[in-house]
Structure formats: structure tokens, C-alpha cells
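Trainee: Could you take one part of this model and go through it closely? I would like to see what surrounds it and how its neighbours are tied together.

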Amino acid sequence: MTDYPASREKPLEKDPLAQFIRKEAATSLTVALGGDSRGLVVQGSPGQGNWAAVPWIGVFDPAITTSATEGYYVVYLFHAQWPTVHLSLNQGTTGVREEFQAKAREVLADRAEFMRKRLADYQAELPVTSIELGSTARLPGDYAAGHAMGNSYNLDMLPSEASLQRDLRNVVRAYRALTYRGGIELDVEQQSELTAEFNI
């Protein structure tokens, strides 16, 4: 949170913070999850080739996705300007953007609402249903639209390590529950409504 703005002024390649995001931070999440990390892949990204407007550290179930471009996953998204990070149950945006183009964020928001309904019993532990990432770039805006539920933290008011770990385990359990409950696949009636609404 504190070092990213200055690091972005330097080349991405071999930058210590970039290496930290890719390696140590991702490893820390795996350790924090303990047994709940079973079968999951943790990956951090400060960007590819150039610094990302919004860096992230994601938790992926390979049965669903191993990439932030498709499916759904858990991710820490770091605000582009403020010392704030969002723990988010989110969804891949690239495929939706390619299919729906200008209507992509509407579709992402509709799917996020569907995820919340499917996980209504987790909303008390994961109450944040809207996030802002401080960037006008396309991807951060898509991430914000795709956010379903989670928690937000400010550097000045970080909760205890135990609370952070509990929140992480809760969102991973919600992630697994979403898969058991059918993922983000709509039933026939819902798919028909989406088709009619977005003319697909």
C-alpha cells in the first residue's frame, strides 16, 4: 500500500516490490489459509510488462479457473491511489468484455448480484458489496463491476492479523460454496432473461 506509487516510477522488471507481490505475498496467503488452501492456487500480479493500475493477489480453484480473466475467484485488489485494499469474491472480466463489449459492466454487475443471492448466508461475514479502485482504466472498472462480496481495509485502521485471516478463510469458504451451489451458471429462465435484456 505504501510503496506501490513510488515503485511504479521504476521499471517493473526485477523490482523488489513486484517480486514481493509475485512470491512472498502469495506464499503468505497460502500460509494464512492453512488447511483451507487445499487444492487452490495463489498468484500475485503487479502487472505484465508494465505496472498494473491495480495490483492484485488472487486465489484460484483450478477446477474453475487459474486466471483472473475468466470464471470466478477470490482476490485482494489494491486501490490505485489510496492505502486501501479490497478482499473480493470476483469474476473474470476479459471473456465478458469480449462477448458483451460496451454492456460488459452491466453483465458483470448482474452476475455479481446473482452470486450474492446464491451466497446470502455469507453476507454477514462479507458485507462489502461495492468497491472503488481509484482508476479510470478499463480493467479496474471491470473489477469493480464484477465484485460480489467481501471486505475492505484501510492502512490506518487495519484489523488484527487474526481478523484478516478469518476474513480470508470466510471468503474462500464462500468461494467453495458457490461452486457447490452451481457457480455463476444461470438456470434456464435466468439465462433467457439475460439473453433478452442484452440482445444476445
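Mentor: What follows starts at one strand and works outward.

This is a predicted model, in which local features need pLDDT of at least 70 and side-chain atom pairs count only at pLDDT 80 or more, while totals for chains, interfaces and linings use all residues. Residues are numbered from 1 along each chain as its sequence is written, and side-chain values use heavy atoms, with hydrogens and water left out.

Take strand β4, residues 84–91. Strands are DSSP runs of E with at least two residues; helices are runs of H or I with at least four; both are numbered from the N terminus. Eight of the eight residues of β4 are buried, so the rest of the structure largely encloses this strand. Buried means under 20% relative accessible area, exposed means over 50%, and partly exposed lies in between (1.4 Å probe, protein chains only). In a regular strand the side chains alternate between the two faces of the sheet. Here T84, H86, S88 and N90 point one way, V85, L87, L89 and Q91 point the other way, and all are buried.

Now the pairing. Two strands pair if DSSP finds at least two bridges between them. Strand β3 (residues 72–78) runs antiparallel to β4, joined to it by seven bridges. Five residues make the hairpin connection from β3 to β4. V74 has L89 of β4 as its bridge partner. Strand β5 (residues 149–154) also pairs with β4, again antiparallel, over six bridges. There, L89 is bridged to M149.

L89 deserves a longer look. Contact means heavy atoms within 4.5 Å. Neighbours within four places in sequence aside, L89 is in contact with Y73, V74, M115, L119, G146, H147, A148, M149, V171, Y175 and L178. L89 and L168 have the most contacts inside the largest nonpolar core, which has 48 residues. Such a core is a set of buried Ala, Val, Leu, Ile, Met, Phe, Trp, Tyr and Cys residues joined through side-chain atoms within 4.5 Å. The elements giving this core two or more residues are α2 (16–22), α3 (24–33), β2, β3, β4, α5 (104–118), β5 and α7. Helix α7 gives the most, with seven residues. A second core of six residues is separate, and V96, F100, V107 and A145 are among its members.

H147 is one of the contacts of L89. H147 sits in the loop between α6 (138–146) and β5. Its relative accessibility is 2%, so H147 counts as buried. With neighbours within four places in sequence left aside, the contacts of H147 include L87, S88, L89 and N90. A112, R116, V128, T129, S130 and I131 are in contact with H147 too.

Next, the rings. The structure holds four aromatic pairs. Rings of Phe, Tyr and Trp (its six-membered ring) pair if their centres lie within 6.5 Å; planes under 30 degrees apart count as stacked, over 60 as edge-to-face and the rest as tilted. F60 and Y73 have ring centres 5.3 Å apart and planes at 45 degrees, so this pair is tilted. F60 is in strand β2 (residues 56–60) and Y73 is in β3, so the pair ties together parts 13 residues apart in sequence. F60 and Y73 are both buried. For Y72 and Y175, the ring centres are 5.7 Å apart and the planes are at 85 degrees, so the pair is edge-to-face. This pair links distant parts of the chain, with Y72 in β3 and Y175 in helix α7 (residues 161–180), 103 residues apart. Y72 counts as buried at 5% relative accessibility, and Y175 counts as buried at 1%. W56, F60 and Y73 form one aromatic cluster.

Y175 leads to D61. D61 touches G39, L40 and Y175, residues up to four places away in sequence not counted. D61 lies in the loop between β2 and β3, and is buried, with a relative accessible area of 16%.

Last, α3, one of the elements that give to the 48-residue core. Its residues A25, A26, L29, A32 and L33 are buried. They cover an arc of only 120 degrees around the axis, which puts them on the same side of α3. The arc is that of the directions from the helix axis to the C-beta atoms. The cover over the buried residues of α3 includes α2, β1 (41–45), β2, β3 and α7. G34 follows α3, and its phi is positive, near 55 degrees.
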